[in-house]
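The following exercises concern a predicted model. Each task is followed by a solution in steps.

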Amino acid sequence: MKKIEKRAALCLVLAGFLAAGLALFLFRFAADGSHWASSPFNRHLYNSEGALISGTVLDRNGDMLSTVQDGKRVYTNGKTRRKATLHVVGDPYGNISTGALSAFAQELTGYTLLGGAYGAEKGSDLYLTIDAGLNETAYEALNGKKGTVAVYNYKTGEVLCLVSAPSYDPRSIPQDLETNEKYEGAYLNRFLSSTFPPGSVFKTVTLAAALEQLPDLEERTWTCEGSAQIGGGMVTCTAAHGEQTISEALANSCNVVFGQLAAELGGDTLNRYVEKAGLTDSYSVSGISTAKGSFDLKGVADNDLAWAGVGQYHDSVNPCSLMVYMGAIANGGKAAVPCLIQKVDRPGLPDLPQFTRSTGRLLNRETADKIADMMVNNVSAAYGTKRFPDMDLGAKSGTAQVGADQKPHAWFAGFLRDEEHPYAFVVLVENGGSGAEVAGTVASKVLKAAVQ
Ligand SMILES: [Zn+2]
């Protein structure tokens, strides 16, 4: 009798283990099933070279960018088109981790919890928000330089253009891709994953703080003699700008004025406005986390703070978050969070709607409107309206010093105030030289194509 009781107890314990194991499996299946199904170890979805062989990537107009043929991942025709869309489409081997083939593998394989994945060559049609033709224009405008160009709709969040350079042709991968300096960082999406010194585009943040914290700002004038002593050192301009209002100082991009404003505001205040502007946060772009900018403002000496206030010192900004800030300036202080997926057509399932998400308040409405007007004035006063025909454009250039033996980074960022084309944009040309000249010219070509 004792023996039977013992055996019964043992059976109960074993049954308990079985139930617990099953429960754990079901839990992990629900939690990680999509990950298992779209993992490169799954030979139904990945070929022997590790390339995802499920799903088609298209642009917003339905033009195929990458699909599967005969068990192989293939790309669109047109070398420039392949290079210009590489960073949004991705490479077959997962080197570009922010590309659709990696970041949206789950959407491409058509995975659902109950149905599983569809298997090779039967995946989903993933429509990206980008316009491949606009990407080509932007890629060609960069003219072989490293950098990034992006345009997005600040009301809907749709990213219409996203180029990162250097790029390469995924159909014939260069032999020296990993060793040649000209391909340095080719796997990196500079728009989403990098940070750079902002230079004078950052004056739009110092300006926001000054407008709110210094009530007499718009009545003040300053006289720039080309340089000024601020704290323990000099702050210099490219020229003596003479007597200026705040609006003129922004159009002139006067370091002396904005350096003095930064020192007057103090590091704590400036830091608060940088954080409010969203420049130290990460955005989730269709699930891809952007790089966070960083700023060293608190407790630094006045001269360093003056340089930080004009976008130098240790300032470092992510191009995507800067573009969103531009959108918020145009849009009364808030903007849509960027997204890259327009829709996903899964076999036999209805389209899943994509929701527009908004940022929190990055600027007060009145502040945003004042900065927007001043940035529109920049174009007529400094950059030239002829370069941007028929556009209600607000912009700020930046020429960010990156070292004595290197050409500065060229920036041009801004927005269109246009019901039909509510676009914000950012252009960065690494070591490109003058922001207004070099990056401004890239922006001109891309914006003309975008509003056509
Ligand atoms: Zn000046």
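**Exercise 1.** State the volume of the largest pocket and describe its lining.

*Solution.* The volume of the largest pocket is about 470 Å³. Its lining comprises 28 residues, of which Ser-200, Thr-238, Asn-252, Ser-253 and Thr-399 are the closest to the centre. Two or more lining residues come from each of α8 (246-252), α13 (365-383), β14 (393-400) and α14 (435-451). Sorted by character, the lining holds 17 polar, 8 nonpolar and 3 charged residues.

**Exercise 2.** Identify the protein donors of the zinc ion and determine the geometry of their arrangement.

*Solution.* First, the donors are found: the SG atoms of Cys-224, Cys-237 and Cys-254, together with ND1 of His-241, lie 2.1 to 2.4 Å from the zinc ion. Along the chain, these donors follow the spacing C-x12-C-x3-H-x12-C. Next, the angles are examined: the 4 donor atoms subtend 104 to 114° around the zinc ion, and the arrangement is therefore tetrahedral. Finally, burial is checked for two of the ligands: Cys-237 and His-241 are both buried.

**Exercise 3.** Determine how many disulfides the structure contains, and explain why Cys-161 forms no bond with the closest cysteine sulfur.

*Solution.* A search of the whole structure yields 0 disulfides. For Cys-161, the closest cysteine sulfur belongs to Cys-320 and is 13 Å away, which is too far for a bond, since the cut-off for a disulfide is within 2.5 Å. Cys-320 is likewise in no disulfide, as the nearest cysteine sulfur, that of Cys-339, is 11 Å away. Cys-161 counts as buried because its relative accessibility is 0%. Cys-320 counts as buried because its relative accessibility is 0%.

Conventions:
Residues are numbered from 1 along each chain as its sequence is written. This is a predicted model: local features need pLDDT of at least 70, side-chain atom pairs count only at pLDDT 80 or more; totals for chains, interfaces and linings use all residues. Side-chain values use heavy atoms; hydrogens and water are left out. Donors are N, O and S atoms within 2.8 Å of the metal (3.2 Å for Na, K and Ca); water is not among the atoms, so sites may look incomplete. Four donors count as tetrahedral if all angles lie between 85 and 135 degrees; four count as square planar and six as octahedral if opposite donors are over 155 degrees apart and all others between 65 and 115; anything else is irregular. Buried means under 20% relative accessible area, exposed over 50%, partly exposed in between (1.4 Å probe, protein chains only). On a 1 Å grid over the protein atoms alone, a cavity is a set of points where a 1.4 Å probe fits but cannot get out, and a pocket is an open set with protein on both sides within 12 Å along at least five of seven lines; lining residues have an atom within 4 Å of a point. Grid points are joined across faces, edges and corners, and a volume is the space filled by probe spheres set on the points. Helices (H or I, at least four residues) and strands (E, at least two) are DSSP runs, numbered from the N terminus. Ala, Val, Leu, Ile, Met, Phe, Trp, Tyr, Cys and Pro count as nonpolar, Asp, Glu, Lys and Arg as charged, and the others, Gly among them, as polar.
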